[in-house]
Each structure stands twice: as structure tokens, then as C-alpha cells.
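Open the model in your viewer and keep the selection panel handy. We will go stop by stop, with a suggestion of what to pick and a note on what you will find there.

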Amino acid sequence: MTTKGPLMTSPEKTSPDPTSPKTTSSGITPPENVRRVACVGAGVIGGGWVAHFLARGYDVTAWDPAPGAAQKLRRLVDAAWPALTSLGLAEGASADRLTVAATLEQAVADAEFVQESAPEKLDLKRDLLARLDAATPPGVVIASSTSGYPMTDMQTTAADPSRLVVGHPFNPPYLIPLVEVVGGERTDAAAVAWAARFYESAGKSVITMDNEVPGFIANRLQEALWREALHMVANGEATVRDIDLSITEGPGLRWAVMGPMLTFALAGGEGGMAHMLDHFGPSLKSPWTRLEAPELDTELYDAVVTGCDEAADGRTIADLVAERDQGVIEVLRATGRLGREGGAR
Ligand SMILES: NC(=O)C1=CN([C@@H]2O[C@H](COP(=O)(O)OP(=O)(O)OC[C@H]3O[C@@H](n4cnc5c(N)ncnc54)[C@H](O)[C@@H]3O)[C@@H](O)[C@H]2O)C=CC1
Ligand SMILES: C[N+](C)(C)CC(=O)CC(=O)[O-]
């Protein structure tokens with residue numbers, strides 16, 4: 001599993017380079033030279049992808065079968081454009097570089113990359129990916145935005161499953177950098193690598209997964225949190241407002257700066273994650289969670305401590321504390337919660 005790319009969507013964007021060779025000897029466009037992207041399904045996520053790719057200077061062709069979809073898509077792009085402009089558009093980027101195609105086949109005929117964002121229904125995804133595979137030029141990578149289906153389950157009816165990958169985005173794709181990339185059993189590893197490089201050159205932060213885990217990484221984490229939240233609301237233990245406040249005024253501020261692992265390493269003070277596990281590890285067995293807790297055996301202990309050391313990448317605990325504090329201050333400032341009387345609130 002690898003993490004690549006900028007941690008935040010960078011405002012310094014470059015358009016796809018028009019001077020470099022357009023294709024390799026195999027006829028496939030190198031990811032950095034892609035100029036034409038097709039987005040199939042143009043709702044919340046497909047529309048968000050369209051806005052992102054336009055802002056990054058691509059020509060985008062979209063298709064969505066719903067009546068009125070073209071107008072809805074243009075409204076979404078218009079609504080996102082001021083934020084994208086203030087973040088910084090790539091050279092030559094324009095909302096006018098969007099074409100809404102009349103058919104799926106027209107949308108992908110000329111595409112160098114396809115992003116599918118149709119409804120989350122397994123049969124629909126299977127049929128649509130097979131149709132896209134039949135209509136898209138050979139070798140062009142087709143990515144699904146699915147928020148949880150393994151590609152192995154979706155690629156069953158495509159004639160060429162080797163080019164089908166998952167490229168799972170976060171809402172809205174034009175602001176949240178993360179994309180989780182993973183192939184299915186019949187996906188060519190080269191297609192996964194190509195997709196990861198393409199998303200990076202399109203300004204995304206990429207996690208490439210070697211294993212197909214339903215829900216990928218971030219949704220499993222989000223769903224675990226959400227499951228606990230729903231338990232508490234259902235039992236009358238917390239209100240919806242309590243749940244949201246507990247994150248936005250609590251751990252959420254730290255998580256925007258450091259993930260849950262390094263955040264907890266700092267709970268161990270100068271002893272870092274090892275001390276944190278010695279001190280609080282036994283609470284894993286407390287009934288704080290309705291999910292079953294893993295055994296904190298030596299293997300898991302060592303993996304977590306070593307992983308934190310690697311993630312720190314030479315930074316000391318003091319460095320990490322300073323970095324977290326500065327990041328949290330910036331998030332508080334960015335969300336208008338600093339400088340008000342009484343502190344963050
Ligand atoms: N909404 C979210 O927060 C996120 C959703 N996703 C994934 O993105 C995909 C799309 O979800 P949303 O945009 O939320 O749904 P949505 O309901 O907003 O949009 C789906 C669009 O697909 C169109 N559509 C229906 N049948 C189609 C077909 N056969 N071919 C092409 N398009 C078709 C619909 O007209 C609609 O515009 C799903 O796979 C979902 O799991 C991924 C990350 C976040
Ligand atoms: C609600 N959701 C499962 C569709 C969310 C995602 O898949 C990612 C996100 O944007 O949080």
C-alpha cells in the first residue's frame with residue numbers, strides 16, 4: 001500500500017503538457033499527457049469530478065441519462081467555479097471546455113481516461129462497465145467511483161476487465177484530495193499504476209491499495225465511527241448535535257493535521273506510541289465500542305509502534321507536537337473559529 005501525491009490540493013496547477021509525446025509506443029497516452037477525460041454519471045460525484053478536471057485544464061466530455069442532467073451539471077460546475085478560481089485554475093482551464101454528449105458511446109469515443117460515477121447498484125455498475133469497456137478505445141483506463149464494491153465483483157461481464165480499476169473519491173472531488181485506487185482480480189497491475197499516476201498528475205492525493213477491502217480504507221474508518229454514532233443516537237445517549245460537535249470541536253481538528261495513529265502517538269507524550277499502547281492499550285477491551293476489539297498482541301503492538309516511527313519520518317515527538325498545534329491553529333483560523341471571544345468557539 002502506498003500513499004503518494006500532495007497532501008492538499010495544490011493551488012499551483014499545470015495543464016497537461018501539450019509539447020510532450022502524446023502516446024507511448026503501445027499507443028496508450030502517458031498519464032501526465034492526458035488531455036481528454038470522460039465522466040459518465042454526472043450527479044453529486046460525477047459532477048464534482050467534472051468540475052475538478054475542468055479546473056485542472058482538461059477537456060471533459062460528460063454523459064448522464066437523466067432528463068435535465070446537462071443543465072444540472074452546468075449548475076454544479078458554475079457553483080463550484082468561484083471556489084476553484086480562488087484556489088487557482090490550471091493554465092487554460094475553462095468551464096467552456098465541457099461537452100455534454102448525447103450518448104455514452106459519444107462521451108468515451110475519444111477519451112484518454114474514463115471516470116464512472118453512476119448509482120451504487122452492483123448490477124448497474126456491472127452492465128455499465130461492460131458497456132464502457134466496449135465503447136472506449138482499447139487500453140484506456142476506466143475507473144469507477146464506487147464507494148465500496150470490490151472491482152472483482154464489478155468486472156465480471158466486461159470483455160477486457162484488465163483496464164478496470166476503482167478510483168474512490170471524496171465529496172466534493174474538486175476540494176478533497178484523496179482518491180483510493182485498487183484493482184480487481186482480473187485488473188492488470190499496470191492499469192492500477194497508470195491510474196495512480198494519472199490522479200497524481202491531476203492534483204489528487206493517492207492511496208494505492210494492494211488488497212481489495214470492501215469500503216477501502218477511509219470508508220471503513222468513517223463507517224466505524226458512524227456506526228458508533230448511530231448506536232448512541234438510537235439509545236438516546238447523544239443527540240445528533242452532540243455527535244457532530246464531538247468531532248468538529250474535538251478529534252476532527254487534530255485529524256485534519258495528523259491521522260488517528262500519529263495523533264494517538266502524541267497521547268503517549270515523549271514515550272510516543274509504545275507508551276500510549278502500554279498505558280491505554282487495555283482500554284481496547286472496554287465496552288467503549290460496539291465493534292469487536294482486535295487482540296493487542298505483540299505483532300499488532302510492534303506494527304503500530306514501528307508504523308508510527310516510519311510515519312514520523314525523522315520528526316521527533318516535539319516536532320510532531322509543534323506541527324499538530326500549528327495545523328490545528330490554521331484549521332481554526334480557516335473555519336473562522338479563531339480570535340472570537342472565549343477562544344475557538
Ligand atoms: N455521494 C458521495 O458522497 C459519494 C459517492 N461515491 C460514489 O459515486 C457514485 C455516484 O454517486 P452519487 O454521485 O452520490 O450519486 P447521484 O445519485 O448523485 O448521481 C448518480 C448519477 O448517475 C446517473 N445515472 C443513472 N443511471 C446511470 C447509468 N446507467 N449510467 C450512467 N449514469 C447513470 C444519474 O442520473 C445521476 O445523475 C456511486 O458509485 C457512489 O458510491 C463516492 C464517493 C462519495
Ligand atoms: C457516504 N459515502 C459512503 C458515499 C461516502 C464516501 O464514499 C466518501 C466520502 O465522500 O465521504
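Start by selecting residues 37-211 of this predicted model. Over that span the chain is 38% helix and 19% strand, and the C-alpha atoms at its two ends are 27 Å apart. In UniProt, an unreviewed entry annotates residues 37-211 as "domain: 3-hydroxyacyl-CoA dehydrogenase NAD binding".

Next, switch the selection to residues 215-283. Here the secondary structure is 67% helix and 0% strand, with end C-alpha atoms 26 Å apart. The unreviewed UniProt entry labels residues 215-283 "domain: 3-hydroxyacyl-CoA dehydrogenase C-terminal".

**Stop: the annotated binding site**

Now pick Gly41, Ala42, Gly43, Val44, Ile45 and Gly46, which the UniProt annotation "binding site" (unreviewed entry) covers. Of these residues, Ile45 is included in the lining of the second largest pocket. Glycine 41 is found in the loop that runs between strand S2 (36-40) and H1.

**Stop: ligand 1**

Select ligand 1 and show what surrounds it. Which residues come nearest? Of the 22 residues around ligand 1, they are Ile45, Asp64, Glu120, Lys125 and Ser147. Sorted by class, the shell holds 11 nonpolar, eight polar and three charged residues. Colour helix H1 (44-55) and helix H4 (122-135) too, as each supplies at least two residues of the shell around ligand 1.

Then turn on distances to the oxygen atoms of ligand 1:

- Lysine 125 places a polar side-chain atom 2.6 Å from an oxygen atom of ligand 1.
- Serine 147 has a polar side-chain atom 2.7 Å from an oxygen atom of ligand 1.
- Alanine 118 takes part through its backbone, with an N or O atom 3.2 Å from an oxygen atom of ligand 1.

If you add a surface, how much of ligand 1 does the protein cover? On its own ligand 1 has 830 Å² of accessible area, and the protein covers 73% of that.

**Stop: ligand 2**

Keep Ser147 selected, and bring up ligand 2. The residues surrounding ligand 2 are Ser147, His168, Pro169, Phe170, Asn171, Asn219, Gln222 and Glu223, so you meet Ser147 again here after seeing it by ligand 1. By class, this shell has two nonpolar, five polar and one charged residues. Helix H7 (residues 218-234) gives the most to the shell, with three residues.

Where does ligand 2 sit? The space it takes is the second largest pocket. Put distances on again:

- A polar side-chain atom of histidine 168 lies 2.8 Å from an oxygen atom of ligand 2.
- For asparagine 219, a polar side-chain atom is 2.8 Å from an oxygen atom of ligand 2.
- Asparagine 171 contributes a backbone N or O atom, 2.9 Å from an oxygen atom of ligand 2.

Of the 320 Å² of accessible area that ligand 2 has on its own, the protein covers 58%.

**Stop: two backbone details**

Stay on asparagine 171 and add proline 172. What joins them? A cis peptide bond, with omega at about -5°. Proline 172 lies in the loop between strand S7 (164-168) and strand S8 (178-183).

Finally, move to phenylalanine 216, in the loop between strand S9 (205-208) and H7. Check its backbone torsions: phi of phenylalanine 216 is near 60°, a positive value in a residue other than glycine.

Key
Residues are numbered from 1 along each chain as its sequence is written. Chains are lettered from A and ligands numbered from 1 in the order in which they are written. This is a predicted model: local features need pLDDT of at least 70, side-chain atom pairs count only at pLDDT 80 or more; totals for chains, interfaces and linings use all residues. Side-chain values use heavy atoms; hydrogens and water are left out. A residue is near a molecule or strand if one of its heavy atoms lies within 4 Å of it. A polar contact is a pair of N or O atoms within 3.5 Å; within protein, one must be able to donate a hydrogen and the other to accept it, and residues adjacent in sequence count only if both atoms are side-chain atoms. Accessible areas come from the Shrake-Rupley method with a 1.4 Å probe; for residues, only the protein chains shown count as cover. On a 1 Å grid over the protein atoms alone, a cavity is a set of points where a 1.4 Å probe fits but cannot get out, and a pocket is an open set with protein on both sides within 12 Å along at least five of seven lines; lining residues have an atom within 4 Å of a point. A molecule sits in a cavity or pocket if more than half of its atoms lie within 2 Å of its grid points. Helices (H or I, at least four residues) and strands (E, at least two) are DSSP runs, numbered from the N terminus. Ala, Val, Leu, Ile, Met, Phe, Trp, Tyr, Cys and Pro count as nonpolar, Asp, Glu, Lys and Arg as charged, and the others, Gly among them, as polar. UniProt positions are given in the numbering used here, feature names are shortened, and annotations may be inferred rather than shown by experiment.
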